[in-house]
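Student: I am new to this structure. Please show me how to read a few of its features.

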Amino acid sequence: MLEIPISTNINKSMSLLTGFPIQNWLAVAASTSTKRLFISRPPLKSLLVNRSASAGRHPFGLRASGFYSSVASPSTAMGDAAADSGMDAVQRRLMFEDECILVDENDSVIGHDTKYNCHLMEKIESENLLHRAFSVFLFNTKYELLLQQRSATKVTFPLVWTNTCCSHPLYRESELIPENALGVRNAARRKLLDELGIPAEDVPVDQFTPLGRILYKAPSDGKWGEHELDYLLFIVRDVNVNPNPDEVADIKYVNKEELKELLRKADAGEGGIKLSPWFRLVVDNFLFKWWDHVEKGTLSEAADMKTIHKLT
């Protein structure tokens, strides 16, 4: 039994202390006189889904064969947090609170896990953890592409230049909606606000065009890396931008020629410029021909959401 102040951010506190989000705990009593909330955890095994089960019930009504959650035990989560005590506090919170969507190579949902576990190269290699992601390419009405430089405190690929916004739909009902990639588009809208301060009204969800999906794997350093099934979302809007310094070190709009110059500098190692591996894969395989469709207003003609391009 835990006793915490009602005024405390309960979800944050419980997630950091135990590795479990608050929805996996049972609130059994709240005392208005003491302003305390008493919380009891059900048995650990009741929180886990057997990975070997022949069929499982998705919490939002979907069926999935072998559906599982590889959530860490409280002691393991706290041990991991201690081991990474030097990690930026904001990034550490996101690593343990955010639950990524685990998928197979056909993009079928098979479970969920913490952002922390999904980005450990050891787990990626030993368990073949693959999670769903998205990459937003936002153009203004002059058809310039907005780029960001990731902050120095990012756990994976700090200070690299990349496309407008790159993140993950989370394991929540609004971001699991499969129809027309609506869940992913909802997540993109959320992260554009979180990272770049772009108001939701500036990026209506129906203005995103999903153009394709790629599957790739990329190590960041000896410990961290990415293994993602990445949705590529394009949008043309003039937006207000107010970058969050916890997420973004710098931003710039570039036209085609300016991007080519950035690529040249990255290839030559000039100025320490580095590009994210997923951005480079999109640039090398798709971006410039899709950019032509942006300028012509024919993006829908370029869309292919049936194919998963394996670029690993």
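**Helix packing and two loop residues**

Tutor: Start with a helix pair. Helix 8 (residues 256-268) and helix 9 (residues 277-296) pack at an angle of about 170°, and their axes are 12 Å apart. Keep in mind that this is a predicted model.

Student: Is the direction of helix 8 relative to helix 9 roughly parallel or roughly antiparallel?

Tutor: Check the angle against the cut-off. Angles over 145 degrees count as roughly antiparallel. The angle here is about 170°, so helix 8 is roughly antiparallel to helix 9.

Student: Which residues make the contact?

Tutor: Helix 8 contributes Lys256, Leu259, Lys260, Leu263 and Asp267. From helix 9 come Phe279, Arg280, Val283, Leu287, Phe288, Trp291, Asp292 and Glu295.

Student: How do the residues of that contact divide into nonpolar, polar and charged?

Tutor: The contact of helix 8 with helix 9 has 7 nonpolar residues and 6 charged ones. No polar residues take part.

Student: Now the backbone. What is the phi of Phe157?

Tutor: Phe157 has a positive phi, about 50°, yet it is not a glycine. Find Phe157 in the loop between strand 10 (145-150) and strand 11 (161-162).

Student: Where does Leu159 lie?

Tutor: Leu159 also sits in the loop between strand 10 and strand 11. Its phi is near 65°, again positive in a residue other than glycine.

Student: Are Phe157 and Leu159 buried or exposed?

Tutor: Compare relative accessibility with the cut-offs. Buried means under 20%, and partly exposed runs from there up to 50%. Phe157 is at 9%, so it counts as buried. Leu159 is at 40%, so it counts as partly exposed.

Definitions and conventions
Residues are numbered from 1 along each chain as its sequence is written. This is a predicted model: local features need pLDDT of at least 70, side-chain atom pairs count only at pLDDT 80 or more; totals for chains, interfaces and linings use all residues. Side-chain values use heavy atoms; hydrogens and water are left out. Axes are lines fitted to C-alpha atoms, for helices over the stretch in contact, and angles run from 0 to 180 degrees between N-to-C directions. Helices (H or I, at least four residues) and strands (E, at least two) are DSSP runs, numbered from the N terminus. Angles under 35 degrees count as roughly parallel, over 145 as roughly antiparallel, 65 to 115 as roughly perpendicular and the rest as oblique. Contact means heavy atoms within 4.5 Å. Ala, Val, Leu, Ile, Met, Phe, Trp, Tyr, Cys and Pro count as nonpolar, Asp, Glu, Lys and Arg as charged, and the others, Gly among them, as polar. Buried means under 20% relative accessible area, exposed over 50%, partly exposed in between (1.4 Å probe, protein chains only).
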